[in-house]
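Student: I should like to learn how to read individual residues and nonpolar cores in a model of this kind. May we work through some cases together?

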Amino acid sequence: MPGWLKIGTAVVSILLVGVLAFGAYWVLRLQGNISKASLGAGSDKTEGAVDESRDRMQILILGSDTRDGKNAQYGTSEDATGYGHSDVMMLMDISADNKRVSVVSFPRDLLVDTPKCTDQKSKKEFPAQKNIMINAAMSEAGIGCAVDTVNKLTGLEVDHFMMADFNAVKELSNTVGGVEVCISDAVYDPDSRLRLPKGTSTVQGEQALAFLRTRHAFADGGDLGRIKAQQGFLSSLTRKMKDEGTLSNPGRMLEIADVVTRNLTIDEGLASIPTLLTVGNRLKNIDVGKVAFVAVPTVPAVSDPNRLQVAEPAASQLFAAMRKDIDLTDPTATPSPSASPDPSATSTPTPGETAAAYDKAQQPVTVANGSGVPARTQEIIQALTAGGFTQLGQLAAQPVAATAVYYGAGYEVVAADVAALLGIPATQVLPAGVAGVQVYLGRDLVGGAADADAAVQLPSDIVNQTAGDVVCQQANPALITR
């Protein structure tokens, strides 16, 4: 072999070994940073694991308010006990074709019912609870209970979670060189120590954390104003990373990954650097106008006006649209062809396919919800109403595994049409001693998918903003400074 070729081969070999060693160092370092926890807290899963490279995927993003370790300065020793509360709760939904992302925020003051949860570390069981704040769902049984609670509320099955603490916000905002935010008036919040002038400012470190944490600085000082500020911050961060090409810059990505993984807890299915890189790679080319930020529709709670409850029918419409993989920025668009179809769905019968002529508006149909998902009742009622059945009622129901349509004497044809309308298999239409027709919803979540091709009813203002929108937050008049 000529001398120059030997030298060239040696140089290439040394460079190759160096690159491999460098890569191995970073993989080991980043992998060692990650903390892991169980995805659920005992609830049954009906869906298989997703392929992170190509399937539609939901990731629950949590911000922990725990005050231990590096976060001790933000509270007392009592605040550092247990698993803490979810100071931020957002569900990120990535479409199968990587063309859109929805980020749905759950107000921390939202009252919900939690399922029975088992702490996956201690194996201690905690009973189901009614009417508690959603941010407390993980305080006893851990992050998995927060995941199970969101599943129960929405009817979805979350694929992964990521939980970061206060320190993550500070370090990430410093690493990217600050994030631009806008506010209508100069404001000072003594609780969070947020102080900003009117107009656009760049926040990082403590001020970035204060911007995200403040409960009083924006709108009327409530949780919904804070959610919009958080969404505005994330929109600005998304634009900055896209504009600066951060997601396509390996060096910058390694720097950010090192910061994030040091302050991150994720589920075991996501807890590998190759998997995280796969997910990150899916996000780099998404149009910022197709990153939709949404808040779960709410109203003041009947039981406590200082808390919130889901607003119906808007919340049910949102959750139904999410289950059907609808583009929230354009509800009339056809769902992604690469998205997995609902196996329970059947086609809606066309006019004239019914076995006998009758007046649907005169047929008594009741809905008994044993699915464990409260929003299902309104979804099914809406589907029945759209199909012409208007004499509808609701019944209290015990939890059941499988959905069924029961019918009384003389209602066999009506029951068959109701089942066809809702996409419930004919094998699950059964005679029983009921008055008229009863749709008994089970945990299998069958039913309601037959109207998937119909226009989805959603409030016109369901999307607060997209990542492409520059939004100025309205300052709370009580905290405006001169």
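Student: Is Asn281 buried, partly exposed or exposed?

Tutor: Please bear in mind that this is a predicted model. The classes rest on relative accessible area: under 20% is buried, over 50% is exposed, and partly exposed lies in between. Asn281 has a relative accessibility of 45%, so the residue counts as partly exposed. Asn281 belongs to helix α7, which covers residues 273–283.

Student: With which side chain does the side chain of Asn281 make a polar contact?

Tutor: The partner is Lys284, whose side chain is in polar contact with that of Asn281 at 3.0 Å. One may also look at separation along the chain: Ser53 is 228 residues away from Asn281 in that sense, yet the two C-alpha atoms are 8.8 Å apart.

Student: How does Thr298 compare with the cut-off for a buried residue, and where does Thr298 lie?

Tutor: Thr298 has a relative accessibility of 16%, and therefore counts as buried, given that the cut-off is under 20%. Thr298 is part of strand β16, residues 298–300.

Student: Which residues are in contact with Thr298, leaving aside neighbours within four places in sequence?

Tutor: The contacts of Thr298 include Pro107, Leu110 and Leu224, and also Leu308, Gln309, Val310 and Ala311.

Student: Let us turn to backbone angles. What is the phi of Asn131, and where in the structure is this residue?

Tutor: Asn131 is not a glycine, but its phi is positive, at about 60 degrees. The residue sits in strand β8, residues 129–133. Its relative accessible area is 44%, so Asn131 is partly exposed.

Student: What is the phi of Ala219?

Tutor: Ala219, also a residue other than glycine, has a positive phi near 55 degrees. Ala219 is located in the loop that runs between α4 (206–213) and α5 (223–243). With a relative accessible area of 34%, Ala219 is partly exposed.

Student: Now the interior. How many residues does the largest nonpolar core have, and which have the most contacts inside it?

Tutor: That core has 35 residues, and those with the most contacts inside it are Leu60, Leu62, Met89, Leu91, Phe106, Leu318 and Phe319. Elements giving two or more residues to this core are the strands β2 (57–64), β3 (86–94) and β9 (160–164), together with the helices α2 (143–154) and α8 (314–323). Another core, of 23 residues, lies apart from this one and includes Leu172, Leu194, Leu212 and Ala217.

Student: Which residues does Leu62 touch, not counting those up to four places away in sequence?

Tutor: Among them are Ser86, Val88, Met89, Met138, Ile143 and Ala146. Leu62 also touches Met162, Met163 and Ala164.

Conventions. Residues numbered from 1 in each chain as written. Predicted model: local features only at pLDDT ≥ 70, side-chain atom pairs only at ≥ 80, totals over all residues. Heavy atoms only, no water. Core = buried A, V, L, I, M, F, W, Y, C linked by side-chain atoms within 4.5 Å. Buried < 20%, exposed > 50% of the residue type's maximum accessible area, 1.4 Å probe, protein only. Helix = DSSP H or I, 4+ residues; strand = E, 2+ residues; numbered from the N terminus. Contact = heavy atoms within 4.5 Å. Polar contact = N/O pair within 3.5 Å; in protein donor to acceptor, adjacent residues only side chain to side chain.
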